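Here is a friendly walk through a protein model, one feature at a time. Have the viewer open and follow along.

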Amino acid sequence: MNSLVIKKVTDKKGLKQFIRFYYDLYRGSKYAIPFLAFDEWNTLDRKKNPSFECCDTEYFMAWRDGKPVGRVAAIINKRANERWNRRLVRFGWFDFVDDIEVSKALLQAVEDWGKAQGMNEIAGPLGFTDMDREGMLIEGFEEIATIYINYNYPYYPQHMEQMGGWEKDNDYMEYHVKVPEKVPDKFAKLSQMIEKRYNLHTRKFTSHELVEEGKGREIFHMINETYKNLYGYSELSEQQINQLVDAYIKKADLNLVTGVVDGNENDKLVGFGITFPSFARAMQKSRNGSLWPFTWWRVLRALKWHKTDTVDLLLIGVLPEYRAKGANALIFNELIQRFQDYSFKWAEAMPQMESNEGVQSHWQYLESRQHRRHRCYCKNINQ
């Protein structure tokens, strides 16, 4: 057997191989969802992703007998390191065959590169920003994934434990929620009280308001405010916000986007919920993340005509000073009604930190189960 070789990705051909490795590794899996190939390219290409204005990156692939057996991205987010006063190199896009020599060598490549850049910690899986997929799946291997989260085989965390030196840095929990036939009394009554007491109201926005008048950008400025104290958060720049408006707001069904405004502050936007019909099932039959020739039709049926029984709770945020006033309840109360209109049966709650008891408390009023858990690992490399 030839020795294992770790190579840097240095050209377009190499980046294509880096992206394609995931599809080859998970082809045939009943639970993994192929990511959209053009989204992966736009994220990893230095010329297309505005995150490179604050990030330094190297990509590595592991080869044996002329075949790829693993990949990893090494990322230094200088903006996040400054915010959190860390000298941290991140690892992401970490995928490998079940061979401890491969996984260990890939992380060693990230560690060596990070040390050369003056870093003293390594952590991941993490992306460039919090808008990327984060964490390694450690629970829920027999649950179908979504395109917004990492899926990995059970041997991944086993490798992390075998290598030693790695510790838990943060856990994210996800919930599978049944859409109720009627809005729970708790949400309905609380919403009425909040509207009357605080003059807070849900608001639907037009495409013109969101795109041309800047309400969409305002949502992502709110994300900077509401997420700023969350684990490892990297503030979004204006260029990143512009890209996110294009990626999410312009494609959203606006019936599934809800804002909360403060009537006492000239209808100031104080909360939001962005949800999308799930197209996980639609993407399952895509062999390489492409929409062609037939996947586009399945995805279109889900996104435009809601031919799916599941909705993804993609982004939800409320300004800190309005959380105690119950603005979250207004969002759920309104969105549940839209979910009922579209005959959604289930909702996928995206990753939330295990310490975020405020968000998790909402699921007690609904039929739900915590079905997946992702973990970020860290290691001191200042030795």
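What follows is a dialogue between a learner and a teacher about this predicted model.

Q: Let's begin with helix α1. How many residues does α1 have, and what is its reach from first C-alpha to last?

A: Helix α1 covers residues 12-26, which makes 15 residues. From its first C-alpha to its last it reaches 22 Å, close to the 21 Å expected at 1.5 Å a residue.

Q: Where is the kink in α1 centred?

A: Look at Arg20: the kink in α1 is centred there and amounts to about 30 degrees.

Q: How should I read the pattern of side chains along a helix?

A: Start with the general idea: an α-helix has 3.6 residues a turn, so residues three or four places apart point the same way. Now to the case in hand. The buried residues of α1 are Gly14, Leu15, Phe18, Ile19, Phe21, Tyr22, Tyr23, Leu25 and Tyr26.

Q: Which elements do the buried residues of α1 pack against?

A: They pack against two helices, α2 (37-44) and α5 (155-163), and against the strands β2 (55-64), β3 (67-77) and β4 (88-96).

Q: Is Asp24 buried, exposed or partly exposed?

A: Asp24 also has its place in helix α1. Its relative accessibility is 41%, so Asp24 counts as partly exposed. Try a distance here as well: Asp24 and Arg287 are 263 residues apart in sequence, yet their C-alpha atoms are 8.3 Å apart in space.

Q: What comes after α1 in the chain?

A: Gly28 follows α1, and its phi is positive, near 95 degrees.

Q: How do I describe two helices that pack together?

A: Two packed helices are described by the angle between their axes and the distance between the axes. Take α1 and α2: they pack at an angle of about 130 degrees, and their axes are 11 Å apart. The two helices are therefore oblique to each other. The crossing in which α1 passes α2 is right-handed.

Q: Which residues of α1 and α2 meet?

A: From α1 come Lys12, Leu15, Lys16, Phe18, Ile19 and Tyr23, and they meet Ala37, Glu40, Trp41 and Leu44 of α2.

Q: Can we practise on another pair? At what angle do α8 and α9 cross?

A: Helix α8 (residues 215-226) and helix α9 (residues 238-247) cross at roughly 125 degrees, and their axes come within 9 Å. Therefore α8 and α9 are oblique to each other. Here too the crossing is described by its hand: α8 passes α9 in a right-handed crossing. On the α8 side the contact is made by Gly216, Arg217, Phe220, His221 and Asn224, and on the α9 side by Glu238, Ile241, Asn242, Leu244 and Val245.

Q: Now the backbone. What should I expect of phi and of the peptide bond?

A: Most residues other than glycine have a negative phi, and most peptide bonds are trans. Keep that in mind for the cases below.

Q: Is the peptide bond from Gly124 to Pro125 cis or trans?

A: That bond is cis, with omega near 0 degrees. Pro125 is found in the loop between β5 (121-124) and β6 (136-139).

Q: What is the phi of Asn85?

A: Asn85 is not a glycine, and its phi is positive, near 55 degrees. You will find Asn85 in the loop between α3 (78-84) and β4. With a relative accessible area of 72%, Asn85 is exposed.

Q: And what is the phi of Ser343?

A: The phi of Ser343 is positive, about 60 degrees, although Ser343 is not a glycine. Ser343 belongs to the loop between α13 (327-341) and β12 (346-353). It is exposed, at a relative accessible area of 52%.

Q: Let's finish with a loop glycine. Is Gly289 buried or exposed?

A: Its relative accessibility is 2%, so Gly289 counts as buried. Gly289 lies in the loop between α10 (280-283) and α11 (295-305).

Q: Which residues is Gly289 in contact with?

A: Leaving aside neighbours within four places in sequence, Gly289 is in contact with Tyr23, Pro34, Phe35, Leu36, Ala37 and Met283. Tyr23 is among the buried residues of α1. As a last distance, the C-alpha atoms of Gly289 and Glu40 are separated by 9.0 Å, with their positions 249 residues apart along the chain.

Technical notes
Residues numbered from 1 in each chain as written. Predicted model: local features only at pLDDT ≥ 70, side-chain atom pairs only at ≥ 80, totals over all residues. Heavy atoms only, no water. Helix = DSSP H or I, 4+ residues; strand = E, 2+ residues; numbered from the N terminus. Expected span 1.5 Å × (residues − 1). Bend = angle between axes of the 7 residues up to and from the residue. Buried < 20%, exposed > 50% of the residue type's maximum accessible area, 1.4 Å probe, protein only. Contact = heavy atoms within 4.5 Å. Axes fitted to C-alpha atoms, helices over the stretch in contact; angles between N-to-C directions. Parallel < 35°, antiparallel > 145°, perpendicular 65-115°, else oblique. Left-handed = near helix turned anticlockwise from the far one by under 90°.
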